[in-house]
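Here is a short report on the model shown below. It starts where the two chains meet and then works through each chain in turn.

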Amino acid sequence: MEIWYTIILNPMLNSLIALSGVLFGSFGLAIIILTIVVRLITLPLTLRQLQSTKALQVMQPKLQEIQRKYAKDKVKLQQEMMKLYREAGINPLGCLWPMLVQFPVWIALYQSIMRAIAATPEDLISLSQHLYSWQVVHEAVPLKDKFLWLNLGQPDSLLILTILVAASMYVQQKMVTAPAADPRQQSMSNMTLLMMPLMFGLFALQFPSGLSLYWVVSNIVGIIIQYFISGGWGYLFGPSTKPAPAVKKGKAQDNRKKRKT
Amino acid sequence: MYVGTYLGKIYALNTTARLEEKDFPVGVKGEWIYPKQAGKNVGNIVGDVVIVNNALYFGDSKGIYALDATTGDLQWHFPTRGKVWAAPAVKDKVILASSFDGKLYALSSDEGKELWHFQVPAAIASPPVVWENNVLFGAFDGYLYCILEGKEKWKFKGENWFWACPLVSDGIAYAGCLDGKIYALKIETGDKLWEREIGDPIVSSPVLVDDFVVVASEIGNLYMINVHTSEIVNTISLKSQVMAPLYQKEGIVYVHAKNRYLYAVKIPEGEIIWKFHLAVKES
């Protein structure tokens, strides 16, 4: 437990409070900035995840062929699939790494928010034992728990964040999920697409809105990264969302003139 | 007996009426509740109430109040930008109150008008204490401040917040700190006479019994420290968190612990002569 405090929790807690002190006492702004910093630090992992996901989609026809060929031999099926992944240089679990790395960040952030918004004398005294000797930290406490319409230590009673968490997570996932050729698989894929956003939406109903704010900002940053890496909205609006190449004005007019004459 | 609650009510209780278990409030016995209206509360009241010349003063999460101690009627309210979790001090018709907005306020006792304030860069949870016109209080920036006539006289740096009210006696301030130390400082100059580490945060205000300063750590250990030698002469463990201020009378120190027991401890022997469970009677 001491290791958790020393290496993860206390640095995050003190960074959040110091950021709040610098950002005019706004804990909400501090959460937003910290989220962006965490996403930038995990950008290499995110890029690998996007590459893995894309490569897996390209491999789908070959994977389906192997599944058809070895449907009755599970052992051989596994071997052939692993062989295909190896030859393509893909780790099928590569898309999980960003999630796994962010998991302790979520736990530390939840604990930091609950400790930092110390509402009772006991909470404040407990907080004093986790603070570094930085003057900016001691001068920032106690923190304001209000940000916009939110009480950062309580769930959002207006449900706006709940909707934003679910919607932003759905958009982020849909952008990178190719539609399945088989209609039965498409239905499964749709269910999977909805499951995570619904689950996190439910979490947002129960956890402090400070944590939900982190999820919304994190998802939005993820969407922006995906947009620029993929060159567009991906599969968000359908099978192909890349714009058609623009036709040069002069050439089109020439073509019309030729047809008239 | 006057009691403030975290839920934002002040109760004036007549001990005879309570012993007779009469319906509260018995107005003819001087009992009242503030705010009077059912369902209406002031902010959280954490510090003690103070009574001087039939006026009752207290702070809550919104400011400082003065009530008529006989009737419970509001005399004035002074709003602050931060919580007032510490009991105010009263000296020569001036109310001194510390706030989480980093200000020590000096207000006139009759009208609640601001006479002056002293600003520090961090929140103040420590109650102010007065010694011969010097006002001492601790803040979250780790300093114990001494103010004279509204100006800083000196400040002393601890290694964490000063939360407990300093004890002052014979020109010396005994200040417990959340860094787990108690400091003895000369009030005139701020010079440190000695410090004694007890290892755990000190939240509760210490008391003086003869030549011993008695201090409780947050985890419930009671220490008796010789004021001349700074040696710990005795220690007892109450095995329960102690955050409430200590009280002493005639060589007995009374400690209210988180386990809802009130302990009476003989000093300097450190013997618990009785303990009483302050449980709520369920009907």
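## Where the chains meet

In this predicted model, nine residues of chain A are in contact with 17 residues of chain B. On the chain A side, helix H6 (121-128) and helix H7 (135-140) are the elements that give two or more residues. The character of that side is mixed. Four of its residues are nonpolar, four are polar and one is charged.

The model as a whole scores ipTM 0.87 and pTM 0.80.

## Chain A

Chain A holds 11 helices and two strands. Read from the N terminus, its elements run α-α-α-α-α-α-α-β-β-α-α-α-α. The chain has 261 residues, and 28% of them are buried. Take the contacts in chain A with a separation of 6 or more: residues 24 or more positions apart account for 75% of them.

Helix H8 of chain A deserves a closer look. This helix covers residues 160-176, which is 17 residues. From first C-alpha to last, H8(A) reaches 25 Å, close to the 24 Å expected at 1.5 Å a residue. Which residues of H8(A) are buried? The early part of the list holds A:Leu161, A:Thr162, A:Leu164, A:Val165 and A:Ala166. A:Ser168, A:Met169, A:Gln172, A:Gln173, A:Met175 and A:Val176 are buried too. An α-helix has 3.6 residues a turn, so residues three or four places apart point the same way.

## Chain B: the sheet S12 to S15

Confidence in chain B comes first. Its pLDDT averages 93, and 98% of the residues score at least 70.

Four strands of chain B form an open sheet in the order S12-S13-S14-S15, with antiparallel pairing. Strand S12 (129-131) and strand S15 (151-157) are the edge strands, each pairing on one side only. From one strand to the next, the twist averages 25°.

Strand S14 (residues 143-148) of chain B is joined to S15(B) by six bridges, and the two run antiparallel. On its other pairing, five bridges join S14(B) to strand S13 (residues 134-138), again antiparallel. Is S14(B) largely enclosed or largely open? Five of its six residues are buried, so S14(B) is largely enclosed by the rest of the structure.

Individual partners can be named. B:Leu144 stands opposite B:Phe156 in S15(B). B:Tyr145 has a partner in each direction: B:Phe137 is its bridge partner in S13(B), and B:Lys155 stands opposite it in S15(B). In a regular strand the side chains alternate between the two faces of the sheet.

Two hairpins connect these strands. S13(B) and S14(B) form one with four residues between them. In its turn, B:Gly142 has a positive phi of about 85°. The hairpin of S14(B) and S15(B) has two residues between the strands. There, B:Glu149 takes a positive phi near 50°.

## Chain B: the sheet S16 to S19

Chain B has another open sheet of four strands, in the order S16-S17-S18-S19. Its pairing is antiparallel. The edge strands are strand S16 (167-169) and strand S19 (192-197), and each pairs on one side only. Neighbouring strands are turned by 15° against each other on average, direction ignored.

How many bridges link strand S18 of chain B with S19(B)? There are five, and the pairing is antiparallel. S18(B) covers residues 181-186. Among the paired residues, B:Ala184 has B:Trp194 in S19(B) as its bridge partner.

## A lysine in a loop

B:Lys93 sits in the loop between strand S8 (89-91) and strand S9 (94-98) of chain B. Is B:Lys93 buried or exposed? The cut-off for exposed is 12 or fewer C-beta neighbours within 10 Å. B:Lys93 has 12 inside 10 Å, so this residue counts as exposed.

B:Lys93 still has contacts from further along the chain. Leaving aside residues up to four places away in sequence, B:Lys93 touches B:Ser108, B:Ser109 and B:Asp110. B:Lys29 is another lysine to place against B:Lys93. The two are 64 residues apart in sequence and 28 Å apart in space, C-alpha to C-alpha.

Key: Residues are numbered from 1 along each chain as its sequence is written. Chains are lettered from A and ligands numbered from 1 in the order in which they are written. This is a predicted model: local features need pLDDT of at least 70, side-chain atom pairs count only at pLDDT 80 or more; totals for chains, interfaces and linings use all residues. Two residues are in contact if their C-beta atoms, placed from the backbone, lie within 7 Å. Ala, Val, Leu, Ile, Met, Phe, Trp, Tyr, Cys and Pro count as nonpolar, Asp, Glu, Lys and Arg as charged, and the others, Gly among them, as polar. Two strands pair if DSSP finds at least two bridges between them. Axes are lines fitted to C-alpha atoms, for helices over the stretch in contact, and angles run from 0 to 180 degrees between N-to-C directions. A residue is buried if 20 or more other C-beta atoms lie within 10 Å of its own, exposed if 12 or fewer, and partly exposed in between; C-beta atoms are placed from the backbone. pLDDT is the predictor's confidence in each residue, from 0 to 100. The expected span of a helix is 1.5 Å times one less than its number of residues.
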